[in-house]
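User: I'm new to this one and would like a walk through it. Could we take it piece by piece?

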Amino acid sequence: MLFLTAAVVLRPKTLAAALSSLSYPGPGFWFTLFVLYSVLTALFLPRIFAGATIVYSLARTNEMHRILNTPLSPTTTNLTQSIYMIGSFCCFAIVAGFGRLGGMAIVAQALIVTSAICVFFAIADLVTYATNTADLLSVIRNANYRMLNDGDIEGFKRIVGSFPEAGAFGYVALALFAFVLMLGIEGFPARFLGTIIGALGIALLLCTSTTAYAASAVTGILVLFFCIARILRNNATSRHLTYIVACLFALPLLIMMIMLIPSVSESISNLIHATVTTKLESSSGEERMRWNAQALRSFLDTSGMGAGVGSIRASSLVVALLANVGIPGTLIFFIFLASLVRSVLRRHADGGIEQKVGIAAMFSCIAQVTAASISAGAIDLGPLFAITAGLSVAYALGPLQAPVVAAGAPFFASPRLNARLKGFAPADSALSLHRGTFMPGDGVHRHV
């Protein structure tokens, strides 16, 4: 990210596009304000309220990582979390600027490939577990913290893929699934997209992550409302109708058929019972509730100002926001989120590639915020959220100039997409950010 940011800074046209995405009153302005305020809280609030409250923080020892209950004081996590947030901000601005210069389709294709890779590692995880060859994946499972890659619930393997535990896999899989699902519904032209959607959906169902299940249900309902709204506005396609029929008729029918098979029904019922209905009664659920309770006490102890980014560990994005950046930071974040959704939905486009990508990215952002609101320990939502939010902003603000494509289209780009992109300026590399990547023009003009 550091080198990518440096490359953008050295190219005035790309830098101008990125900075234009941060202007008031767009979503980029509120995200910039949120990151800036968060970093300032990390610098000052742990010192202002030092010793005023007890916090759960992530402390490192020579033997292991563990959550410690200590008086509030400045720690290295204030610095590391601030760096993570600055990195996410840079990623957001770069993707938004690149998208406004015509790169939205390229980033979307990259996320489709990422989704395929996520499915591959999910399959590899299942196969190596079943054949007792999990050591084959040790090349990517080399972190110095505990890897929860061998667990199961009620006979179902907890899928972790290339991640340390099932919750992390479920979070990323849900974000990618929401993105590719909306691409499919909106008719984004890409080969194997339907296969990737189906495989990623199955992996999501089998990951046994409570957070993923709950957030998937919420996201699925929101997509259903979106499709119904499209029909009511007379701008729906057969794909929107297919999703509605699948949710309202095919899914209930499938559930009833499963209930007629006692062995299958009992296994699924036990899985739901273990991952959903009794989750809060488990040791993990009780521990997370303690984190949230103490975080809310710290919020009150700091008079609603928070203890500073990186000071407090929680188990919900909303609680983490209140405890770390207080009421001001929480309000700024939700203003950003509301501005993002409102800007995307209010943009009237011609139904082209950019609109499909922008809407898909918005739903991916919503899915990530929903999942984080259930179990996130910190307020930084990571680079995947920054990428999808950047795509959403790029669509909401509109293009700055003519689109750009790579000289060689990826293998999964359909002939229809290739035909649509034909004739635009070629580039040496999709994300090279070379001066020749974009259409000629000395200035960057704001879209009206």
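**A walk through the model**

Analyst: Let's start with a loop: Phe192 is found between H5 and helix H6 (193–206). Keep in mind that this is a predicted model.

User: What is phi of Phe192, and is the residue buried or exposed?

Analyst: Phi of Phe192 is near 65°, a positive value in a residue other than glycine. Most residues other than glycine have a negative phi. As for accessibility, the cut-off for exposed is over 50%. Phe192 has a relative accessible area of 51%, so this residue counts as exposed.

User: Where does Asn234 lie, and how exposed is Asn234?

Analyst: Here is another loop residue with a positive phi, near 60°, that isn't a glycine. Asn234 sits in the loop between helix H7 (210–232) and helix H8 (238–259). The relative accessible area of Asn234 makes the residue exposed, at 72%.

User: Back to H5: why does the distance between its end C-alpha atoms agree with its 21 residues?

Analyst: Helix H5 covers residues 166–186, and its expected span comes from allowing 1.5 Å a residue. For 21 residues that gives 30 Å, so the model agrees, with the end C-alpha atoms apart by 29 Å.

User: How many of the 21 residues of H5 are buried, and which residue just after H5 takes a positive phi?

Analyst: H5 is mostly covered, with 18 of its 21 residues buried. Just past the helix, phi turns positive at about 85°, and the residue there is Gly187.

User: Which residues does Phe179 contact, leaving aside its neighbours within four places in sequence?

Analyst: Phe179 is one of the residues that touch the most other members of the largest nonpolar core. With the neighbours in sequence set aside, the contacts of Phe179 are Ala108, Leu111, Val357, Ala360, Ala361, Ser364 and Leu391.

User: How many residues are in the largest nonpolar core, and which helix gives the most?

Analyst: The core has 107 residues, and Phe34, Phe179, Leu317, Val357, Ile379 and Leu391 touch the most other members. The biggest contribution is 19 residues, from helix H4 (residues 76–130). In soluble globular proteins, nonpolar side chains tend to be buried together. So, to name the top contributor again: H4.

User: How many aromatic pairs are there, and how do Tyr24 and Phe29 pair?

Analyst: Searching the whole structure turns up 14 aromatic pairs. The ring centres of Tyr24 and Phe29 are 5.0 Å apart, with 85° between the planes. Tyr24 is exposed at 58% relative accessible area, while Phe29 is partly exposed at 27%. The geometry of their pair is edge-to-face.

User: Why is the pair of Phe336 and Phe385 edge-to-face, and how many residues apart are they?

Analyst: Their ring centres are 6.4 Å apart and the planes meet at 75°, so the pair is edge-to-face. Phe336 is buried at 0% relative accessibility, and Phe385 is buried too, at 3%. Phe336 belongs to helix H11 (residues 317–346) and Phe385 to helix H13 (residues 383–397), so the pair links distant parts of the chain. Their separation in sequence is 49 residues.

User: Which residue does a cis peptide bond join to Tyr24?

Analyst: Most peptide bonds are trans. Here omega is about 5°, and the bond is cis. The partner lies in the loop between helix H2 (12–20) and helix H3 (27–48), and that residue is Pro25.

User: Where does the side chain of Asn292 make a polar contact?

Analyst: Asn292 lies in helix H10 (residues 283–301) and is buried, with a relative accessible area of 10%. Among the residues Asn292 touches beyond four places in sequence are Ala314 and Val319. A polar atom of the Asn292 side chain lies 2.7 Å from the backbone nitrogen of Ser315.

User: How many disulfides are there, and why is Cys247 not bonded to Cys227?

Analyst: Two cysteine sulfurs need to be within 2.5 Å to count as a disulfide. The sulfur of Cys247 has its closest cysteine sulfur in Cys227, 7.6 Å away, so that is too far for a bond. Cys247 is partly exposed, at 23% relative accessible area. The disulfide count is 0.

Notes
Residues numbered from 1 in each chain as written. Predicted model: local features only at pLDDT ≥ 70, side-chain atom pairs only at ≥ 80, totals over all residues. Heavy atoms only, no water. Core = buried A, V, L, I, M, F, W, Y, C linked by side-chain atoms within 4.5 Å. Buried < 20%, exposed > 50% of the residue type's maximum accessible area, 1.4 Å probe, protein only. Helix = DSSP H or I, 4+ residues; strand = E, 2+ residues; numbered from the N terminus. Contact = heavy atoms within 4.5 Å. Expected span 1.5 Å × (residues − 1). Polar contact = N/O pair within 3.5 Å; in protein donor to acceptor, adjacent residues only side chain to side chain. Phe/Tyr/Trp six-rings, centres within 6.5 Å; stacked < 30°, edge-to-face > 60°.
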